[in-house]
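Notebook open, model loaded. I want to go through the charge pairs, then the overall form, then a few single residues.

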Amino acid sequence: MAGWEADKQLHSGYRPSKPDSPGCTEEQHRQVATFRPRLMALGTRVITHPYWQTLSGTDVFTARM
């Protein structure tokens, strides 16, 4: 992502900014590609677990929180 510089802060000389992002390396892209299918499989396993069928009404919401 491109960096940015904001306007000077009121009553201050501070000018917030962020430098350009260096981006992701090829190794990081490969790691994400490896982890994503596993994350999806584990997420599906959690949300379809029979435990959730034992709850009803607001109990589901409370348990997920």
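**Salt bridges.** I started with the charge pairs and found two salt bridges in the structure, a salt bridge being a side-chain nitrogen of Lys or Arg within 4 Å of a carboxyl oxygen of Asp or Glu. One of them joins the side chains of glutamate 5 and arginine 15, at 2.6 Å from N to O. Glutamate 5 sits in strand β1 (residues 4-5) and arginine 15 in the loop between β1 and β2 (17-18), so this pair ties together parts 10 residues apart in sequence. I noted that side chains of opposite charge can pair when their charged atoms come close.

The other bridge links arginine 30 to glutamate 27, with 3.0 Å between the closest N and O atoms. Both residues belong to helix α1, three residues apart, which is about one turn of the helix.

**Ground rules.** Before going on, I wrote down that this is a predicted model, in which local features need pLDDT of at least 70, side-chain atom pairs count only at pLDDT 80 or more, and totals for chains, interfaces and linings use all residues. Residues are numbered from 1 along each chain as its sequence is written, and side-chain values use heavy atoms, with hydrogens and water left out.

**Exposure of the paired residues.** Are they buried or exposed? Glutamate 5 counts as exposed, at 55% relative accessibility. My cut-offs are under 20% relative accessible area for buried, over 50% for exposed, and partly exposed in between (1.4 Å probe, protein chains only). Arginine 15 is partly exposed at 43%. In the helix pair, arginine 30 is partly exposed at 47%, and glutamate 27 is partly exposed at 40%.

**Fold.** I counted two helices and two strands in the protein chain, running β-β-α-α from the N terminus on. Helices (H or I, at least four residues) and strands (E, at least two) are DSSP runs, numbered from the N terminus.

**Overall form.** What is the radius of gyration of the protein chain? The protein chain has 22 Å, while a compact globule of 65 residues would be near 11 Å. The radius is taken over C-alpha atoms, and the globule rule is 2.2 Å times the number of residues to the power 0.38. I also boxed the C-alpha atoms along the principal axes and got roughly 60 × 40 × 10 Å. Of the 65 residues, 3% count as buried.

**Charges.** I tallied 8 positive and 6 negative side chains, the centres of the two sets lying 7 Å apart. Lys and Arg count as positive and Asp and Glu as negative, without His or the chain ends.

**Confidence.** The mean pLDDT of the protein chain is 94, and 100% of the residues score at least 70; pLDDT is the predictor's confidence in each residue, from 0 to 100. Confidence is lowest in helix α2 (residues 58-64), with a mean of 92, and highest in helix α1 (residues 26-47), at 96.

**Single residues.** I checked backbone angles and stopped at histidine 11, where phi is near 60°, a positive value in a residue other than glycine. Histidine 11 lies in the loop between β1 and β2 and is exposed, at 77% relative accessible area.

Last, I looked at valine 60 in helix α2, which is partly exposed at 23%. How far is the C-alpha atom of valine 60 from that of glutamine 28? The two are separated by 36 Å, with their positions 32 residues apart along the chain counted as the sequence separation.

Note on methods. The place of a charge is taken as NZ of Lys, CZ of Arg, CG of Asp or CD of Glu.
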